[in-house]
Structures are given as C-alpha cells and as structure tokens.
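Thanks for coming. I have one structure to go through today, and I will start from a single residue and work outwards.

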Amino acid sequence: MAGDDPLMVVDSSGIVVQWSRQAEALLGRGTDEVLGRSITPWLARTAAVADQQAEPGRDEVALCDASGHVVAKDLRVRPLPRQDGSLD
C-alpha cells in the first residue's frame with residue numbers, strides 16, 4: 001500500500017464508505033461487516049487524546065481488530081475534499 005493510499009474512508013458522520021484490503025487484513029473485518037456502519041466501535045482513544053496533546057494534523061486514535069486488540073496507532077486523519085473542493 002502506498003503511503004498516501006487510505007486504509008479506509010469514513011464520512012463526516014463516522015460511517016465507513018470505503019474499506020481497503022489492507023484494512024481487512026489488519027483489522028480482521030470484512031467489507032460486508034463495516035461498509036455503511038459507524039467506525040466508532042473499532043476506535044480506541046490513546047493517552048494523547050485523553051490528555052489533549054495530539055499534534056495538529058494528527059488524530060491520536062487507535063484501531064482495534066476483531067478481537068478488541070489495538071493494532072493501528074498514530075493514524076493520519078485528513079478530510080477528503082469533494083470534487084467541488086468543499087469539505088463535509
């Protein structure tokens with residue numbers, strides 16, 4: 001996976017709208033299990049979020065796999081502009 005390819009795409013409501021094969025392999029959750037559903041159950045807060053020490057441009061959250069273990073930390077979260085350039 002290229003460095004800028006998204007692991008997943010989540011809309012402004014927190015609903016998963018795109019799920020990569022890499023996300024499936026990493027998190028043990030199939031596309032049918034996550035598309036159209038909230039990402040919230042698979043997120044875990046890290047100490048940086050709890051202490052509000054996250055760096056600008058980085059969202060300090062972690063993703064949990066199907067067993068509930070944290071498998072991905074230090075995620076880069078970015079808005080995805082629409083074709084007209086606006087953001088949700």
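Leaving aside neighbours within four places in sequence, which residues is Trp19 in contact with? The list is Leu7, Met8, Glu24, Leu27, Arg29, Gly30, Thr31, Val34 and Leu35. Before I go into that list, please keep in mind that this is a predicted model.

Trp19 itself sits in strand E2. Its relative accessible area is 9%, so it counts as buried. One of its contacts has a polar component: the Trp19 side chain reaches the backbone oxygen of Arg29 at 2.9 Å. Another partner, Thr31, is 12 residues away in sequence, and the two C-alpha atoms are 6.1 Å apart.

Let me step back to the overall layout. The protein has 88 residues, and 28% of them count as buried. There are 3 helices and 5 strands, and along the sequence they come in the order β-β-α-α-β-α-β-β. If we take contacts with a separation of 6 or more, 21% of them join residues 24 or more positions apart. The accessible surface is about 6200 Å², and carbon and sulfur atoms make up 48% of that.

Back to the interior. Which residues form the largest nonpolar core? There are 11 of them: Leu7, Met8, Val16, Trp19, Ala23, Leu27, Val34, Ile39, Trp42, Leu63 and Ala72. Strand E2, residues 16–19, and helix H1, residues 21–27, each supply at least two residues of this core. Trp19 belongs to the core, and its contact list includes the core members Leu7, Met8, Leu27 and Val34.

Now the residue that follows, Ser20. Ser20 is in the loop between E2 and H1. Is Ser20 buried or exposed? It is buried, at a relative accessible area of 13%. With neighbours within four places set aside, Ser20 is in contact with Pro6 and Leu7. A polar atom of the Ser20 side chain lies 2.7 Å from the backbone oxygen of Leu7. So we have two side chains, each with a polar atom at a backbone oxygen: Trp19 at Arg29, and Ser20 at Leu7.

Asp5 is in the segment before strand E1, which covers residues 8–10. Asp5 is partly exposed, with 43% relative accessibility. From Asp5 to Ser20 is 15 residues in sequence and 9.2 Å in space, C-alpha to C-alpha. Pro6, already mentioned as a contact of Ser20, also has its C-alpha 9.4 Å from that of Val77, a residue 71 positions along the chain. Val77 is in the segment after E5 and is partly exposed, at 42% relative accessible area.

Next, charges. Side chains of opposite charge can pair when their charged atoms come close. How many salt bridges does a search of the whole structure find? It finds 1. The partners are Glu33 and Arg29, with their closest N and O atoms 3.2 Å apart. The two ends differ in cover: Arg29 is buried at 9% relative accessibility, while Glu33 is partly exposed at 33%. Arg29 is also the residue whose backbone oxygen the Trp19 side chain reaches.

That leaves Asp65, in the loop between strand E4, residues 61–64, and strand E5, residues 70–72. Asp65 is buried and has no salt bridge. Why not, when Arg29 is the nearest side chain of opposite charge? The separation is 6.0 Å, and a salt bridge requires a side-chain nitrogen of Lys or Arg within 4 Å of a carboxyl oxygen of Asp or Glu, so this pair does not qualify. Asp65 and Arg29 are nonetheless in contact, and outside its neighbours within four places Asp65 also touches Leu26, Leu27 and Val71. Of these, Leu27 is in the core.

One more position from that loop between E4 and E5: Gly68. Gly68 is partly exposed, at 48% relative accessibility. Its C-alpha is 9.3 Å from that of Ala44, and the two are 24 residues apart in sequence.

To close, I would point you to Arg29. Its backbone oxygen is reached by the Trp19 side chain, it forms a salt bridge with Glu33, and it is in contact with Asp65. That is all I have.

Conventions: Residues numbered from 1 in each chain as written. Predicted model: local features only at pLDDT ≥ 70, side-chain atom pairs only at ≥ 80, totals over all residues. Heavy atoms only, no water. Helix = DSSP H or I, 4+ residues; strand = E, 2+ residues; numbered from the N terminus. Buried < 20%, exposed > 50% of the residue type's maximum accessible area, 1.4 Å probe, protein only. Contact = heavy atoms within 4.5 Å. Areas by Shrake-Rupley, 256 points an atom, 1.4 Å probe, with all protein chains shown as cover. Lys, Arg positive; Asp, Glu negative; His and termini not counted. Core = buried A, V, L, I, M, F, W, Y, C linked by side-chain atoms within 4.5 Å. Polar contact = N/O pair within 3.5 Å; in protein donor to acceptor, adjacent residues only side chain to side chain.
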